[in-house]
Amino acid sequence: MSMRKNTEIDNSRRSFLTAVCAAAVGSVLPEDGGPVEIIDIHQHTHYSGRSDEDLVAHQLKMGVTKTVLLPAGSKYGLEADAWGNDSVVALAKKYPKGFYFFANELPDVPETRSVIEKYLKMGAIGVGEQKFEVESDSKHIELIATIAREYDVPVLMHFQHGKYNTAFDRFHKILEKFPKVNFIGHAQTWWGNIDRNHDQTVMYPKTKVTPGGITDRLLSDYPNMFADLSAGSGLSALLRDEDHAREFIKRHQDKLLYGSDCNDRIGEGEKCSGSQQLATLRRLTPDIKVLEKIFYKNAARVLKIK
Ligand SMILES: [Zn+2]
Ligand SMILES: [Zn+2]
């Protein structure tokens, strides 16, 4: 056997061992051997009543190194009893290297601009989670986009048919009017529409996916559109058709951002959709460079996290 052959075997063995180790520690190892990193772009304080202490433990258990906290606006608690701007500032202050925060407010109240600006000035790195009963191309969302453009931060949108950021088929108008603002799509209607044959009334479709749905096209056609893989909706979008998911991940590898958005206190197993999504992404993404993009590189770029 030649030297060259031996080296090849060594290399393939090494990459296999690297993959095994990465799976074992629950993370990916950057090729430079640097620190293990996972950025979770979607968590909440007081989520279904969960304490800060339990949230921090949950993130550690999942192997997350940096967490982005999305506050509620002054009303509704994001329909999850989530707390608002002051609570996310407080936790990020306590753990400045591990926790970052967005600014948020209802988009259709007199205080929208003043509240969001106040927290952007305090260090918020984005606006959202925008989960309010307006149309996705309304003047209210235009106001949110205008503020985001002024501060050069992304906007995270919860799309839910008949309820939040409706008229999803018209959202492309906002992407066209605000080409410099990055939008991150999330939730049932966002993920349902990876399928060209999506029935808008079905929140968690289980059928095979035909590519070319609204979401698939927004990600392909607009450089300022990104996707948040969090929650049951993000997990189910990959699990419902794994052959489709492998191609979707390859196709949109520069647009997908990992997020958890789960309210459990465990951080592993079947009650924790965030850790299941990490496992699913590892399983469906053989290329470690693509996995690194989805786990943290895309988020670091879009959210400007160093
Ligand atoms: Zn949401
Ligand atoms: Zn969880």
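Here are some friendly questions and answers about this predicted model.

Me: Which residues coordinate the zinc ion (ligand 1)?
Reply: Happy to start there. The donor spacing along the chain is E-x28-H-x27-H, and the donor atoms are an OE, an ND1 and an NE2 at 1.8 to 2.2 Å. Matching these atoms to their residues gives E129, H158 and H186.

Me: How many residues apart in sequence are the parts that E129 and H186 tie together?
Reply: Let's place each residue first. E129 belongs to strand β4 (residues 127-130), while H186 belongs to strand β6 (residues 183-186). Both coordinate the zinc ion (ligand 1), so the pair ties together parts of the chain whose separation in sequence is 57 residues.

Me: Is E129 buried or exposed?
Reply: The cut-off for buried is under 20% relative accessible area. E129 has a relative accessible area of 2%, so E129 is buried. H186 has 2% relative accessibility, and H186 likewise counts as buried.

Me: What is the geometry at the zinc ion (ligand 2)?
Reply: Good one for a chemist. The donors are H58 (NE2), C262 (SG), D264 (OD) and C272 (SG), at 2.0 to 2.3 Å. Ideal angles for four tetrahedral donors are 109.5 degrees. Here the angles among the four donor atoms run from 102 to 120°, and the site is tetrahedral.

Me: How many residues apart are H58 and D264?
Reply: The spacing of the donors of the zinc ion (ligand 2) reads H-x203-C-x1-D-x7-C. H58 sits in helix α2 (residues 52-62), and D264 sits in the loop between β8 (256-257) and α11 (273-284). The pair thus links distant parts of the chain, and the separation is 206 residues.

Me: What are the relative accessibilities of H58, C262, D264 and C272?
Reply: Each falls under the 20% cut-off for buried, so we can go donor by donor. H58 counts as buried at 0%, and C262 counts as buried at 5%. D264 is buried at 8%, and for C272, also buried, the value is 0%.

Me: Which helix gives the most to the largest nonpolar core?
Reply: This core has 79 residues, and F171, F183 and L303 touch the most other members. Away from its sequence neighbours, F171 is in contact with S136, M157, F159, F183, L218 and M225. As for helices, the top contribution to the core is seven residues, from α12 (residues 288-302).

Me: Which exposed residues does α10 carry on the face turned away from its buried side?
Reply: In helix α10 (residues 242-251), the buried residues are H244, A245, F248 and I249. They cover an arc of only 130° around the axis, so they lie on the same side of α10. Their cover includes α7 (188-192), α8 (214-221), α9 (231-239), β8, α11 and α12. The face turned away from that buried side carries D243 and K250.

Me: What is the C-alpha to C-alpha separation of P154 and G128?
Reply: P154 lies in the loop between α5 (139-151) and β5 (155-158), and P154 is buried at a relative accessible area of 2%. Beyond its sequence neighbours, P154 touches F102, I125, G126, V127, N182, I184, V302 and L303. P154 and G128 are 26 residues apart in sequence, and their C-alpha to C-alpha separation is 8.7 Å.

Terms used
Residues are numbered from 1 along each chain as its sequence is written. Chains are lettered from A and ligands numbered from 1 in the order in which they are written. This is a predicted model: local features need pLDDT of at least 70, side-chain atom pairs count only at pLDDT 80 or more; totals for chains, interfaces and linings use all residues. Side-chain values use heavy atoms; hydrogens and water are left out. Donors are N, O and S atoms within 2.8 Å of the metal (3.2 Å for Na, K and Ca); water is not among the atoms, so sites may look incomplete. Helices (H or I, at least four residues) and strands (E, at least two) are DSSP runs, numbered from the N terminus. Buried means under 20% relative accessible area, exposed over 50%, partly exposed in between (1.4 Å probe, protein chains only). A nonpolar core is a set of buried Ala, Val, Leu, Ile, Met, Phe, Trp, Tyr and Cys residues joined through side-chain atoms within 4.5 Å. Contact means heavy atoms within 4.5 Å. Four donors count as tetrahedral if all angles lie between 85 and 135 degrees; four count as square planar and six as octahedral if opposite donors are over 155 degrees apart and all others between 65 and 115; anything else is irregular. The arc is that of the directions from the helix axis to the C-beta atoms. Lists of a residue's contacts leave out its neighbours within four places in sequence.
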